[in-house]
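Here is a structure to talk through together. The questions below ask what stands behind each label.

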Amino acid sequence: MARRYTVVTLFPDLVRDAMTHGVTGRAISRGRCKLDFINPRDYAGNTRGSVDDAPYGGGPGMVMRVEPLRASLDAIKSGSPAPFVVGLTPQGRRLDQAAVLDLARHPHLVLVAGRYEGIDERFIERDCDAEWSIGDYVLSGGEIAALVILDAIIRTLPDVLGDDASAAADSFCGGILDWPHYTRPARIGEQSVPDVLLGGDHAAIARWRRKQALGRTWQRRPDLLERIALEQSDLALLREYQREARLAEGDATRDC
Ligand code: 6GU
């Protein structure tokens with residue numbers, strides 16, 4: 001069965017339009033997944049008619065009301081097996097590739113994009129199965145977070161990427177960064193492609209790539225390396241990279 005994704009949002013067009021491009025657009029048009037939308041404004045009810053209200057306790061901004069969100073979920077749930085409901089707010093756990101792979105297992109995922117100052121906590125508490133954030137910065141709403149999450153999930157689905165190996169080789173699959181990539185021409189001014197990539201020795205190329213991936217992770221994201229146990233062969237490659245990096249740094253200092 002194709003995966004189903006429902007976004008609860010006040011701005012369905014924003015999310016729909018962005019999803020029509022590239023990998024996600026193709027996945028949808030080929031029926032690998034289904035994307036639909038619910039606008040809480042359509043469920044605002046006739047008591048107040050608005051989707052937001054002032055915060056209890058005072059302070060700036062408005063808070064999204066429980067009833068339109070709850071009615072939105074009721075509209076989705078009628079008929080289908082229970083979906084997994086995710087609230088998107090900066091207060092959620094921070095998304096990473098492991099979380100993406102976990103979310104990708106659900107046949108039906110509902111992403112609730114918050115707007116205004118926040119969502120009434122009772123909706124998060126009672127109606128959401130999880131609360132996720134996409135990083136330590138504040139967005140004006142959860143729509144862009146929903147796009148990020150959907151893009152990340154959909155590219156992991158079977159038969160979505162042209163070459164399944166390219167999903168497996170992505171940065172973070174295996175917990176480290178990707179190696180550097182090059183294409184023609186082999187030389188642009190004084191910038192040339194590393195010789196090993198031009199040679200056709202596939203074992204040497206694989207070794208060079210692994211070493212670059214490990215080395216760049218060590219330089220740029222040491223926090224990632226702390227979370228994984230490296231095999232002896234990887235440790236040896238990383239030591240080699242570190243030795244070369246220190247030599248290059250020594251050369252640079254001498255040049256100054
Ligand atoms: Cl999910 N929502 C908002 N509004 N801001 C964010 C976020 C989500 N994740 C990071 N910043």
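**The ligand and its shell**

By class, seven nonpolar, four polar and no charged residues form the shell around the ligand. The model is predicted: local features need pLDDT of at least 70 and side-chain atom pairs pLDDT 80 or more, while totals for chains, interfaces and linings use all residues. Residues are numbered from 1 along each chain as its sequence is written, and side-chain values use heavy atoms, with hydrogens and water left out.

Q: What makes a residue part of the group that surrounds the ligand?
A: One of its heavy atoms has to lie within 4 Å of the ligand. The residues that surround the ligand are Leu 88, Thr 89, Pro 90, Trp 132, Ser 133, Ile 134, Gly 135, Tyr 137, Leu 139, Gly 141 and Ala 145.

Q: How do you know which residues count as nonpolar, charged or polar?
A: Ala, Val, Leu, Ile, Met, Phe, Trp, Tyr, Cys and Pro count as nonpolar, Asp, Glu, Lys and Arg as charged, and the others, Gly among them, as polar.

Q: What makes the approach of Tyr 137 to the ligand a polar contact?
A: A polar contact is a pair of N or O atoms within 3.5 Å; within protein, one must be able to donate a hydrogen and the other to accept it, and residues adjacent in sequence count only if both atoms are side-chain atoms. A polar backbone atom of Tyr 137 is 2.5 Å from a nitrogen atom of the ligand, so the pair qualifies. For Ile 134, a polar backbone atom is 2.9 Å from a ligand nitrogen, and for Leu 139 a backbone N or O atom lies 3.0 Å from one.

Q: How much of the ligand does the protein bury?
A: Taken alone the ligand exposes 290 Å², and the protein buries 96% of that; the areas come from the Shrake-Rupley method with a 1.4 Å probe, and for residues only the protein chains shown count as cover.

Q: Which elements give two or more residues to the shell around the ligand?
A: They are β5 (84-94) and β8 (130-133), and β5 gives the most, with three residues. Helices (H or I, at least four residues) and strands (E, at least two) are DSSP runs, numbered from the N terminus.

**Two helices**

Q: Why are Pro 12, Val 15 and Met 19 of α1 said to be on the same side?
A: These three are buried, meaning under 20% relative accessible area, whereas exposed is over 50% and partly exposed in between (1.4 Å probe, protein chains only). They cover an arc of only 75° around the axis, so they fall on the same side of α1; the arc is that of the directions from the helix axis to the C-beta atoms. An α-helix has 3.6 residues a turn, so residues three or four places apart point the same way.

Q: What do the buried residues of α1 pack against?
A: They pack against β1 (3-8), α2, β2 and α6, where contact means heavy atoms within 4.5 Å.

Q: Which residues of α2 are buried?
A: In α2 (residues 22-29), they are Thr 24, Gly 25 and Ala 27. Their arc is only 160°, which puts them on the same side of α2.

**Backbone points**

Q: Why is Tyr 116 called partly exposed?
A: Its relative accessible area is 36%, so it falls between the 20% and 50% limits. Tyr 116 lies in the loop between β6 (108-113) and β7 (118-119), and has a positive phi of about 60° although it is not a glycine.

Q: What makes the bond from Arg 184 to Pro 185 cis?
A: Its omega is near 0°. Most peptide bonds are trans.
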